[in-house]
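Me: I'm trying to get the hang of the labels people put on residues. Can we go through some of them together?

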Amino acid sequence: MPAAITILATEGPGAPAPDRGRASADALIAGEYATTTWNAFTGEGDRLYCGTWECTPGKVKVNYVEWEFCHILSGTAVLTNEAGESWTVKTGDGFIIPAGFRGTWETVETLRKHYVILMPPAAA
């Protein structure tokens, strides 16, 4: 069977159903932080995920065990690591969050991004 292209659509034919969520009480620092995820692709033995993610303003604690590439389609966020270093990301920016990143994610203005997430291999 020939390989197929996956479109990261959020509406219309072929778009995945949106998965809506909220930050857990122990992670939420401020704001609402309501999320919607349209996961368009899962592969590599359920280790690779690609799609579109949206979040309302709010601030949460994060602890990345996975590696993630993000491309911001709209909005602004501030990521701050445990050492207090901060990065502001906005519409048009692409960046990588490495596995092991701990700190906070603050969505300043409703943000929408494309993501590619690679989970660590399962323990043997």
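Me: Is Lys113 buried or exposed, and why is it called that?

Reply: Keep in mind that this is a predicted model. Lys113 comes out at 3% relative accessibility. Buried means under 20%, so Lys113 counts as buried.

Me: What makes Glu68 and Lys113 a salt bridge?

Reply: The closest N and O atoms of the two are 2.8 Å apart. The cut-off is 4 Å between a side-chain nitrogen of Lys or Arg and a carboxyl oxygen of Asp or Glu, so this pair makes it. Glu68 sits in strand β6 (residues 67-81) and Lys113 in strand β9, so the bridge ties together parts 45 residues apart in sequence. Glu68 is buried too, at 4% relative accessibility.

Me: Why is Arg112 called partly exposed?

Reply: Its relative accessibility is 22%. Partly exposed covers what lies between the 20% and 50% limits, so the label fits Arg112. Arg112 also forms a salt bridge with Glu54, with the closest N and O atoms 2.9 Å apart.

Me: And how do you know that Arg22 is exposed?

Reply: Arg22 has a relative accessible area of 56%. Exposed means over 50%, so Arg22 qualifies. Its side chain meets that of Glu32 in a salt bridge (3.2 Å, N to O).

Me: What makes Thr52 buried?

Reply: Thr52 has just 2% relative accessibility, so it counts as buried. Thr52 is found in strand β4 (residues 48-55). Its contacts beyond its neighbours within four places in sequence include Leu8, Trp38, Arg112 and Lys113.

Definitions and conventions: Residues are numbered from 1 along each chain as its sequence is written. This is a predicted model: local features need pLDDT of at least 70, side-chain atom pairs count only at pLDDT 80 or more; totals for chains, interfaces and linings use all residues. Side-chain values use heavy atoms; hydrogens and water are left out. Helices (H or I, at least four residues) and strands (E, at least two) are DSSP runs, numbered from the N terminus. Buried means under 20% relative accessible area, exposed over 50%, partly exposed in between (1.4 Å probe, protein chains only). Contact means heavy atoms within 4.5 Å.
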